Amino acid sequence: MNDINTYITTPIYYLNGKPHLGHAYTTILGDILRRTFELRGENVFYTTGTDEHGQKNFDTIQKLNMTFEDYVKEYSQNFKNLFKKLGIDYDLFVQTSCPHHTKIVKQCLQRVYDNGLIIKKKYTGLYCKGCEQFKKESDLDENGCCPYHQEQPVEISEENYFLPLEPYREWLKEYIENNPDWIQPSSFRTEILNMLKQPLEDLCISRPKNRVHLGVEIPFDTDYITYIWFDALINYISSLDWPNNDTNMCKFWPNSIHIMAKDIIKPHCIYWPIMLKALGLLPPHRIMIHGFLVGEGGVKMSKSLGNVIDPEEMVDKIGADAFRFVLVNLMNKNSDTQVSENIIFNAYNRLANTFGNLYFRTCKLIEKFNEGIIPDIVLDSSDMQFVLSMAEKLKSVLLDTKNIYDIQSNTEVIFDISSKLNYYIDQKQPWNLAKDEARHDELLSTLYVLSEGVRMLGIAISPIMPSVSQKILTSLSFDMRESSIENMFTINTTKFRKIQAPEILFPRLCDKDTQAN
Ligand code: ME8
């Protein structure tokens, strides 16, 4: 382990519904990054969780006629169950209703209040319950609806506490300009810089208790509870136990990465750095934003349109590892991505036919033509060149910092190398080489190239498909724990090892699975 500490967070998700494909995607992404950094020897702290306060949760509890405790227990468990099923390994599952978090929210509010940065005033504005945010007319679509929730916000007029944001606008603009990698990808950076061209409205950080019932009581005025976004954003530091544990904060905050979709960039890229500044803290290291997964035709997935994809059902059909791979492979870098069950099944078949097939063929060829032993042979220069170039590309998938975040391109590297190796088999025709005693070395060399290619692919996919990777490497009798990541991509490490019988990594989908629901 080296001495780099990395902190990865996902948004904390609203409880008021079943976790869906979008929640699955972001949390898979975080898990892939975590595993990649860990392979590089870094120490990672990865958090996800649920946002349990606010009007939306309150309304759902009323509708369900449940107690708050039962609701939180049952609904947060749905998220934990899904993440387990997806093979997601987090260090902390944040729940904003837990006393540890609520205590820290109060401490932070008190600090900002004591610094004289909070004012009280009457405000009238349009409030979208879905976003739990006040909206400007310019934020709404042509029907006056919130573009994310397709509902008209309601006008609310009340006295509240505010954190003025305008005094920080120039500072934030400069910060973003001086740190071009802070918001990724850069299209969202431009969007935020555009928002910062206009004066910033004061951020309302309280809600009167007589209107909103679920939340953290404001420590300096008990008639109010904390605005859900102020409460939720604090999770990123309460998870590190700040302000009570400076050591933890110093260890993880300098290399903190927040992952989210484009719907919540304003709270994260404007409110949050300003809240941190008001608390005397620096912005997070990096904000990684992705687009939306939408239904075919670009429409939002909804039950009424029948285009919702249930991540649990998908895992039952294609397995967790393949589902993880397919999702990150399909997701566009800079735009929304259309998905349907058929699109997912097609991507699955592509994975099975290239990578899955290569693995199976390779093991079978070694079994048949060298009694299942990875051969001991000096490669000729063209085979050597081929293996070295694969090693270089696959190594950079895990080690080159600019590639680490581009997971979609990394999955294409996996496809590309698998196709090249499949083509190599077709060209070399080991079944014909085996018929000619004079070409025995060429046969062994071919088998060795294949085993090395598959071994390195098995390592490179490990953050995305951890179980599949484990199966492949075990069947090649290769233990990743035996060597450093750099050494894993040098050749000669697997010779003389006996391979174990391969299994079908990605079974053919049966008709029942592929029928649209
Ligand atoms: O906003 N495609 O919670 P939330 C891709 N509690 N990702 C999607 C998606 C889609 N169609 N839909 C949702 C909240 N997501 C707040 C966050 S954080 C301090 C508080 C993912 O349940 C994506 O990560 O609405 C998005 O940003 C997040 O879920 C919103 O989750």
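How do the residues of the shell around the ligand divide into nonpolar, polar and charged? That's what I wanted to know when I opened this predicted model.

**Entry 1: the ligand's shell**

I counted the neighbours before sorting them. The ligand is surrounded by 23 residues, and I12, T26, D51, D263 and L293 are the closest. Sorted by type, the shell has 13 nonpolar, 8 polar and 2 charged residues.

Next I looked up where in the fold they sit. β1 (5-14), α1, α7 (228-233), α8 (235-238) and β11 (256-261) are the elements giving two or more residues to this shell. I noted β1 down separately, since its 4 residues are the largest share.

**Entry 2: polar contacts with the ligand**

I went through the ligand's atoms for N and O partners. T26 came up again: an N or O atom in its side chain is 2.7 Å from an oxygen atom of the ligand. H23 also uses its side chain, with a polar atom 3.1 Å from a ligand oxygen. L293 works through its backbone, where a polar atom lies 2.9 Å from a nitrogen atom of the ligand.

Then I checked how covered the ligand is. On its own it would expose 670 Å², and the protein buries 91% of that.

**Entry 3: hunting for cavities**

Now for empty space. Rolling a water-sized probe over the atoms shows where it is left. Searching the whole structure turned up 2 cavities of 30 Å³ or more.

The largest has a volume of about 70 Å³. Its lining is made of I32, T36, V397, L398, I404, I407, N410, A460, P463 and I464. Two or more of the lining residues come from each of α1 (21-39), α14 (381-399) and α16 (407-428). I spotted α1 here for the second time, as it also gives residues to the ligand's shell. By type, the lining has 8 nonpolar residues, 2 polar ones and no charged ones.

**Entry 4: the other cavity**

Which residues line the second largest cavity? I wrote them all out: G54, Q55, Y127, E132, R207, V212, L214, I225, T226, Y227 and I228. Its volume is about 50 Å³.

At least two of these residues come from α2 (54-64), and at least two from β10 (224-226). The split for this lining is 6 nonpolar, 3 polar and 2 charged. So far the largest cavity is my one lining with no charged residues, while this one has 2 of them.

Note on methods: Residues numbered from 1 in each chain as written. Predicted model: local features only at pLDDT ≥ 70, side-chain atom pairs only at ≥ 80, totals over all residues. Heavy atoms only, no water. 1 Å grid on protein atoms, 1.4 Å probe; cavity = no way out; pocket = protein on both sides within 12 Å on 5 of 7 lines; lining within 4 Å. Points joined across faces, edges and corners; volume = space filled by probe spheres on them. Nonpolar A, V, L, I, M, F, W, Y, C, P; charged D, E, K, R; others polar. Near = heavy atom within 4 Å. Polar contact = N/O pair within 3.5 Å; in protein donor to acceptor, adjacent residues only side chain to side chain. Areas by Shrake-Rupley, 256 points an atom, 1.4 Å probe, with all protein chains shown as cover.
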